[in-house]
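This report is meant for a reader meeting the structure for the first time. Please look over the sequence and the model before reading on.

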There are 2 protein chains.
Amino acid sequence: MDYIIIVGMIAAFLSTVSSLPQVIKTIKLKETKDISFWMWAFLAVGIFLWLVYGLLKTDLPIILANGISLFLVSIVLGLKIKYK
Amino acid sequence: MDYIIIVGMIAAFLSTVSSLPQVIKTIKLKETKDISFWMWAFLAVGIFLWLVYGLLKTDLPIILANGISLFLVSIVLGLKIKYK
């Protein structure tokens, strides 16, 4: 496999799962004072549009990565609203 | 312009600038207790690799979006380390 593809796949994996430590931390801590609501709101809409873009282009890697991201980002956004 | 491209451009814009409200909030608040270090560490490495991927493919939109993202994400990561 081309090494450029491998770089892209590691990049996609890391940026996709990066929200997971925040999900775990926020569930444990039950505090979101230092977290920006607008960051997670912009991110949720942005990733939702990436998912729409992937669906319109029938591009499976974009659909998969952003589907997982949207799930994780929605949890953090939901917790931010809950523990406001 | 194709409407699919417009969806992709709005998605890229929103996900790129989403860290900006967090940068502003953290500079004002000087507190990062609720923010996950590992989220921003994974994100910084992930976006750095996206930038490398864009440079290897000479893909200007990927270079631009991830260059701006890396700048913003690095600030949040630096503040998280500073106010630990």
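The text below treats the contact between the chains and then a nonpolar patch on the surface.

The model is predicted. Chain A and chain B each bring residues to their contact, 35 from chain A and 35 from chain B. The size of an interface is often given as the accessible area lost when the parts come together. Here chain B and chain A bury about 3200 Å² between them, and 72% of that area lies on carbon and sulfur atoms.

The table gathers the counts for this interface.

| Item between chain B and chain A | Value |
|---|---|
| Salt bridges | 2 salt bridges |
| Polar contacts (both residues at pLDDT 80 or more) | 15 residue pairs |

A salt bridge joins the side chains of Glu31(A) and Lys33(B), with a distance of 3.1 Å from N to O. On the side of chain B that touches chain A, the elements giving two or more residues are α1 (3-17), α2 (19-29) and α3 (37-57) of chain B. Of these, α3(B) gives the most to that side, with 13 residues.

The surface also carries a nonpolar patch of about 350 Å², made by Tyr3(A), Ile6(A), Ile10(A) and Leu56(B). Which helix gives the most to the nonpolar patch? Helix α1 (residues 3-17) of chain A does, with 3 residues. Ile10(A), one of the patch residues, is found in helix α1 of chain A. Ile10(A) counts as partly exposed because its relative accessibility is 40%, and partly exposed lies between the limits of under 20% for buried and over 50% for exposed.

Note on methods: Residues are numbered from 1 along each chain as its sequence is written. Chains are lettered from A and ligands numbered from 1 in the order in which they are written. This is a predicted model: local features need pLDDT of at least 70, side-chain atom pairs count only at pLDDT 80 or more; totals for chains, interfaces and linings use all residues. Side-chain values use heavy atoms; hydrogens and water are left out. Patches are made of residues with over 30% relative accessible area and no salt bridge: like charges are joined within 9 Å, nonpolar side chains (Val, Leu, Ile, Met, Phe, Trp, Tyr) within 5 Å. Accessible areas come from the Shrake-Rupley method with a 1.4 Å probe; for residues, only the protein chains shown count as cover. A salt bridge is a side-chain nitrogen of Lys or Arg within 4 Å of a carboxyl oxygen of Asp or Glu. Helices (H or I, at least four residues) and strands (E, at least two) are DSSP runs, numbered from the N terminus. Buried means under 20% relative accessible area, exposed over 50%, partly exposed in between (1.4 Å probe, protein chains only). Contact means heavy atoms within 4.5 Å. Buried area is the accessible area (1.4 Å probe) that two parts lose on being put together, summed over both. A polar contact is a pair of N or O atoms within 3.5 Å; within protein, one must be able to donate a hydrogen and the other to accept it, and residues adjacent in sequence count only if both atoms are side-chain atoms.
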